[in-house]
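Here is a set of short exercises to work through with the structure open beside you. Try each task yourself before you read its solution.

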Amino acid sequence: MKKHLLKLIVGTAVALALVAGVRAAGTNGRASVIPAYYDANLLNIQFVEFSATAEKALLAHNSGLNFIYQSDPGLPGGQPFISVIDAIPGDGFNPIWEEVQITFTAGHTPRQLFSDTEVEDAFNAGEITLRHTGEVYWCPVVGPKH
């Protein structure tokens with residue numbers, strides 16, 4: 001009974017956090033759509049950050065979070081680094097994502113990575129470091145990038 005009650009409380013908190021997070025983001029509809037790569041396929045995803053309270057709850061109670069890899073400094077020439085996601089519907093997808101920040105290590109020129117496998121390979125080769133930011137986003141895939 002206690003386990004069922006805990007699941008109900010966490011589920012309710014997540015639902016409320018989703019609503020609060022969407023409102024806190026200040027954008028809606030197409031304004032929050034960004035491109036992201038999944039296995040070298042360019043997709044569109046919604047991108048809405050949860051509130052700080054919701055982020056803490058989700059990180060503490062949701063073991064099924066996916067990762068969205070970002071590199072805020074961008075690429076040479078002022079080009080943006082396009083986010084990389086590690087799942088899509090049908091491949092272990094959960095629309096709740098924890099941001100993992102990519103930093104290119106000294107001696108390695110920043111470059112676009114196109115899949116979570118490339119991120120893992122670059123990490124294992126010492127080309128990048130990865131830092132979990134504690135930021136959590138609601139990011140459903142809304143279609144291919146055209």
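**Exercise 1. The sheet**

Work out the order of the eight strands in the open sheet, and find which strands are at its edges.

*Solution.* Keep in mind throughout that this is a predicted model.

Step 1: Follow the pairing from one side to the other. The order of the eight strands is S3-S7-S6-S4-S5-S1-S2-S8, and the sheet is open, with mixed pairing.

Step 2: Look for strands that pair on one side only. These edge strands are S3 (48-49) and S8 (141-144).

Step 3: Place the sheet in the whole chain. The protein has three helices and eight strands, and from the N terminus they follow one another as α-β-β-β-α-β-β-β-α-β-β.

**Exercise 2. Parallel or antiparallel?**

Take strand S4 and strand S6 in turn, and decide in which sense each pairs with its neighbours.

*Solution.* A reminder helps here: strands of a sheet pair through backbone hydrogen bonds, either parallel or antiparallel.

Step 1: Start with S6 (residues 96-104) and S7 (residues 128-138). They run antiparallel and are joined by eight bridges; in one of these pairings, Ile 102 has Leu 130 of S7 as its bridge partner.

Step 2: Turn to S4 and S6. Five bridges connect them, in the parallel sense, and Phe 67 has Glu 98 of S6 as its bridge partner.

Step 3: Finish with S4 and S5, an antiparallel pair with two bridges. Here Ile 68 is partnered by Ile 85 of S5.

Step 4: Ask how enclosed S4 is. Four of its five residues are buried, so S4 is largely enclosed by the rest of the structure.

**Exercise 3. Helices on the sheet**

Find which strands helix H2 lies across and which strands helix H3 touches, and describe their directions relative to S7.

*Solution.* Step 1: Helix H2 (residues 52-61) lies across S3, S6 and S7, and runs at about 115 degrees to S7.

Step 2: Helix H3 (residues 116-124) packs on the sheet, where it touches S4 (66-70), S5 (83-85), S6 and S7. The direction of H3 makes about 145 degrees with that of S7.

**Exercise 4. The nonpolar cores**

Identify the residues of the largest nonpolar core, and find which element gives the most to it.

*Solution.* Step 1: Collect the members. This core has 12 residues: Tyr 37, Tyr 69, Leu 75, Phe 81, Val 84, Val 100, Ile 102, Phe 104, Leu 113, Val 119, Ala 122 and Ile 128.

Step 2: Sort them by element. S6 and H3 are the elements that give two or more residues, and S6 gives the most, with three.

Step 3: Zoom in on Ile 102. Leaving out residues up to four places away in sequence, Ile 102 touches Tyr 69, Gln 70, Ser 71, Phe 81, Leu 113, Val 119, Ile 128, Thr 129 and Leu 130.

Step 4: Look for another core. A second, separate one has 10 residues, including Ala 36, Ile 68, Ile 85 and Trp 97.

**Exercise 5. A charged pair**

Locate the one salt bridge and describe the surroundings of its two residues.

*Solution.* Step 1: Side chains of opposite charge can pair when their charged atoms come close.

Step 2: The pair is Glu 127 and Arg 111, whose side chains meet at 2.7 Å, N to O. This is the one salt bridge counted.

Step 3: Place both residues. Glu 127 is in the loop between H3 and S7, while Arg 111 is in the loop between S6 and H3, 16 residues apart.

Step 4: Check accessibility. Glu 127 has a relative accessible area of 12%, so it is buried; Arg 111, at 35%, is partly exposed.

**Exercise 6. Two residues of S7**

Compare the settings of Glu 135 and Tyr 137, which both lie in strand S7.

*Solution.* Step 1: Glu 135 is partly exposed, with 28% relative accessibility, whereas Tyr 137 is buried at 6%.

Step 2: List contacts, setting aside residues within four places in sequence. Glu 135 is in contact with Glu 49, Glu 55, Trp 97, Glu 98 and Glu 99. Tyr 137 touches Phe 47, Val 48, Glu 49, Phe 50, Pro 95, Ile 96, Trp 97 and Glu 99.

Step 3: Connect the two. Their side chains are joined by a polar contact of 2.6 Å.

Notes. Residues numbered from 1 in each chain as written. Predicted model: local features only at pLDDT ≥ 70, side-chain atom pairs only at ≥ 80, totals over all residues. Heavy atoms only, no water. Pairing = 2+ DSSP bridges. Contact = heavy atoms within 4.5 Å. Axes fitted to C-alpha atoms, helices over the stretch in contact; angles between N-to-C directions. Core = buried A, V, L, I, M, F, W, Y, C linked by side-chain atoms within 4.5 Å. Buried < 20%, exposed > 50% of the residue type's maximum accessible area, 1.4 Å probe, protein only. Salt bridge = Lys/Arg side-chain N within 4 Å of Asp/Glu carboxyl O. Polar contact = N/O pair within 3.5 Å; in protein donor to acceptor, adjacent residues only side chain to side chain.
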